[in-house]
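Q: Could you take me through this model, beginning with whatever term I need in order to follow the contacts?

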Amino acid sequence: MPELPEVEATRRHVAPAVTGRVIDAVEVRRPRMARRHARPGDFADRVTGRTLERLDRHGKFLLGRLSGDVTWVTHLGMSGRVSLAGKGDPEAPHTNVVVRFGGATEFRLVDPRTFGFVAALLPDEVAGDSISLLGPDALDALPRTPALAARLAGRTAPIKALLLDQRFLAGLGNIYADEVLHRAGILPSRPGGSLDGGEVAALRRSIRPVLDAGLRHGGTSLDDLAYLLPDGRAGDYLSRLRVYGREDRPCRRCGTPVRRAVLRQRSTFWCPECQT
DNA sequence: ACCTCCCTGGCC
DNA sequence: GGCCAGGGAGGT
């Protein structure tokens, strides 16, 4: 599913194709995809005719800076992906939003489960939006160990729940949170505040390598192929996962069968030998 | 801090 | 026919 590496891989494909170009047509075919607006038509009205000046990312949110100080927000939810195509190219099922640039290139948001969304925010709306509550980006603004330790101090929630909380740290989802904790040797259920200095350091230095590896492999396309790169290729980080989705199969580090439990309504995978 | 809901394809 | 996957929003 789309987490930070998948969104960043998407951004890197999309940005060169559309930066500096003008949005000349928008179709929102599933009104739900624009549900942050009072009227779904507001999205098209606000972005049409504007130039995409840059395409940024914060956590799992794609943030387009449009001329006239409008912020185009795209979130892929859990089944969303972007398809970059030419006008008239065959469309994938569930192409729910189409943003056309310069009469040709199309940014298509394909999302069967419609947990993703698009929005266009005016300057005075940005501060009140959830994007303003996001914590530091896990890749671009990862706090140093002392700052991370300070943020964890006194927290009783399981460390995995904190890693999934986008206000604590922005970008990790269920797959990469489990992978990071395995690399760091920390049990997902450990209260955040119970990590000692060495463990916080291990956690901190586990985040970037895991995200970088995911990004290098084009992200994690699961067997359902819901997530694909914008050119239609699958990311192959699935084959490198050490614990996620591997219940009862051997830990890739020590061979002990991987365990699974539900934590905060989410499947959680860990190695009982490597993680303490 | 925690729970429920949203949504649909795929699988049992 | 029913359950499962889960990111984020909203409620308690």
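A: A polar contact is a pair of N or O atoms within 3.5 Å. Please keep in mind that this is a predicted model.

Q: With that in hand, how far is a polar side-chain atom of Ser-267 from a phosphate oxygen of DNA strand C?

A: The distance is 3.3 Å, so this pair falls within the 3.5 Å cut-off for a polar contact.

Q: Which other side chains reach a phosphate oxygen of that strand?

A: Tyr-244 places a polar side-chain atom 2.6 Å from a phosphate oxygen of DNA strand C. For Arg-260, a side-chain N or O atom is 2.7 Å from a phosphate oxygen of that strand.

Q: Which residues come nearest to DNA strand C?

A: The strand has 15 residues around it, and Arg-36, His-75, Phe-115, Tyr-244 and Arg-266 come nearest. Among the atoms of DNA strand C that come within 4 Å of the protein, 57% belong to sugar and phosphate.

Q: How does the surface near strand C divide by residue class?

A: It divides evenly: five residues are nonpolar, five are polar and five are charged.

Q: Now for the other strand. Which residues are around DNA strand B?

A: They are Arg-30, Arg-32, His-94, Pro-112, Arg-113, Thr-114, Phe-115, Arg-155, Arg-264 and Gln-265. By class, this surface has two nonpolar, three polar and five charged residues.

Q: What share of the strand B atoms within 4 Å of the protein is sugar or phosphate?

A: Sugar or phosphate makes up 67% of them, and bases make up the rest.

Q: Which arginine side chains have an N or O atom close to an oxygen of strand B, and at what distance?

A: Arg-30 has a side-chain N or O atom 2.7 Å from a phosphate oxygen of DNA strand B. Arg-155 has a polar side-chain atom 3.3 Å from a phosphate oxygen of the strand. For Arg-32, the partner is a sugar or linking oxygen of DNA strand B, at 3.4 Å.

Q: Let us change topic. What domains does chain A have?

A: The domain assignment gives domain 1 (4-133) and domain 2 (145-270). Their centres, taken over C-alpha atoms, are separated by 27 Å.

Q: How many residues of each domain are in contact with the other, and what area is buried?

A: In domain 1, 19 residues are in contact with 20 residues of domain 2. About 1600 Å² is buried between the two domains, and carbon and sulfur atoms give 64% of this area. Pro-5, Glu-6 and Arg-81 supply 33% of the area that domain 1 buries against domain 2, more than any other three residues.

Q: How many salt bridges and residue pairs in polar contact are counted between the domains?

A: The count of salt bridges between domain 1 and domain 2 is zero. Five residue pairs, both at pLDDT 80 or more, are in polar contact between them.

Q: Which elements give two or more residues to the side of domain 1 that touches domain 2?

A: They are α1 (4-18) and β5 (81-86). With nine residues, α1 gives the most to that side of domain 1. By class, the residues of that side are seven nonpolar, six polar and six charged.

Notes:
Residues are numbered from 1 along each chain as its sequence is written. Chains are lettered from A and ligands numbered from 1 in the order in which they are written. This is a predicted model: local features need pLDDT of at least 70, side-chain atom pairs count only at pLDDT 80 or more; totals for chains, interfaces and linings use all residues. Side-chain values use heavy atoms; hydrogens and water are left out. A residue is near a molecule or strand if one of its heavy atoms lies within 4 Å of it. A polar contact is a pair of N or O atoms within 3.5 Å; within protein, one must be able to donate a hydrogen and the other to accept it, and residues adjacent in sequence count only if both atoms are side-chain atoms. Ala, Val, Leu, Ile, Met, Phe, Trp, Tyr, Cys and Pro count as nonpolar, Asp, Glu, Lys and Arg as charged, and the others, Gly among them, as polar. Domain bounds come from an automatic or database domain assignment. Contact means heavy atoms within 4.5 Å. Buried area is the accessible area (1.4 Å probe) that two parts lose on being put together, summed over both. A salt bridge is a side-chain nitrogen of Lys or Arg within 4 Å of a carboxyl oxygen of Asp or Glu. Helices (H or I, at least four residues) and strands (E, at least two) are DSSP runs, numbered from the N terminus.
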